[in-house]
Amino acid sequence: MQLARVVGTVVATVKNESLESRKLLIVQTLDADLHPKGKPLVALDAVGAGVGELVFWCRGKEAS
């Protein structure tokens, strides 16, 4: 898992059916000192996070 901050949202006019009613967020990965690391990513929100909040994100089989 990685620590990140939500920096924005994504608006999609067309989404895959499996993503309907799910929110897409732009997240910026952070290092241990909460400084930005790398490029922002688009993440699927499953818990209702908002802009400015700290979140954990994961990918691969852990995300399933």
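These legends describe close-up views of a predicted model.

**Figure 1. The whole protein is built from four strands and zero helices.** Read along the sequence, the pattern is β-β-β-β. The C-alpha atoms fill a box of roughly 40 × 25 × 20 Å, taken along the principal axes. The protein has 64 residues, and buried residues make up 22% of them. Consider the contacts between residues at least 6 apart in sequence: 46% of these join residues at least 24 apart.

**Figure 2. The largest nonpolar core has eight residues.** Which residues are they? From strand 1 through strand 4, the list runs Ala 4, Val 6, Leu 25, Val 27, Ala 43, Ala 49, Val 55 and Trp 57. Strand 1 (2-10), strand 2 and strand 4 each give two or more residues to this core. Leu 25 is one of the core residues. Leaving out residues up to four places away in sequence, Leu 25 touches Val 6, Gly 8, Thr 9, Val 10, Leu 41, Val 42, Ala 43, Asp 45 and Ala 49. Two of these partners to look for are Val 6 and Ala 43, which also belong to the core.

**Figure 3. Ala 49 is a core residue in a loop.** Ala 49 belongs to the largest nonpolar core, yet its place is in the loop between strand 3 and strand 4. Is Ala 49 buried or exposed? Ala 49 counts as buried because its relative accessibility is 7%, and the cut-off for buried is under 20%. Setting aside neighbours within four places in sequence, Ala 49 is in contact with Val 6, Lys 23, Leu 25 and Val 55. Follow the chain from Leu 25 to Ala 49 and you pass along 24 residues. In space, their C-alpha atoms are separated by 8.5 Å.

**Figure 4. The largest pocket holds about 470 Å³ of space.** Its lining has 19 residues. Which of them lie nearest the pocket centre? They are Ala 43, Leu 44, Phe 56, Trp 57 and Cys 58. Strand 2 (23-29), strand 3 (41-45) and strand 4 (54-57) are the elements that give two or more residues to the lining. Strand 3 gives the most, with five residues. By class, the lining has 16 nonpolar residues, three charged residues and no polar ones. Ala 43 and Trp 57 appear both here, nearest the pocket centre, and in the largest nonpolar core.

**Figure 5. Asp 45 and Lys 23 meet in a salt bridge.** Side chains of opposite charge can pair when their charged atoms come close. In this pair, the distance is 3.5 Å from N to O. How many salt bridges does a search of the whole structure find? The search finds one. Asp 45 lies in strand 3 and Lys 23 in strand 2, so the salt bridge ties together parts that are 22 residues apart in sequence. The two partners sit in unlike surroundings. Asp 45 is buried, with a relative accessible area of 10%. Lys 23 is partly exposed, with a relative accessible area of 37%.

**Figure 6. Gln 28 is a buried residue in strand 2.** Its relative accessible area is 11%. What does Gln 28 touch, apart from residues up to four places away in sequence? The partners are Leu 3, Ala 4, Arg 5, Val 7, Pro 36, Lys 37, Gly 38, Lys 39 and Pro 40. Among them, Ala 4 is also a member of the largest nonpolar core. Val 51 is 23 residues from Gln 28 along the chain. The C-alpha atoms of Gln 28 and Val 51 are separated by 11 Å.

**Figure 7. Ser 21 and Leu 34 have positive phi values.** Neither residue is glycine. Phi of Ser 21 is near 65°, and phi of Leu 34 is also near 65°. Where do these residues lie? Ser 21 is in the loop between strand 1 and strand 2. Leu 34 is in the loop between strand 2 and strand 3. Ser 21 is exposed, with a relative accessible area of 77%. Leu 34 is partly exposed, at 37%.

Methods:
Residues numbered from 1 in each chain as written. Predicted model: local features only at pLDDT ≥ 70, side-chain atom pairs only at ≥ 80, totals over all residues. Heavy atoms only, no water. 1 Å grid on protein atoms, 1.4 Å probe; cavity = no way out; pocket = protein on both sides within 12 Å on 5 of 7 lines; lining within 4 Å. Points joined across faces, edges and corners; volume = space filled by probe spheres on them. Nonpolar A, V, L, I, M, F, W, Y, C, P; charged D, E, K, R; others polar. Core = buried A, V, L, I, M, F, W, Y, C linked by side-chain atoms within 4.5 Å. Buried < 20%, exposed > 50% of the residue type's maximum accessible area, 1.4 Å probe, protein only. Contact = heavy atoms within 4.5 Å. Salt bridge = Lys/Arg side-chain N within 4 Å of Asp/Glu carboxyl O.
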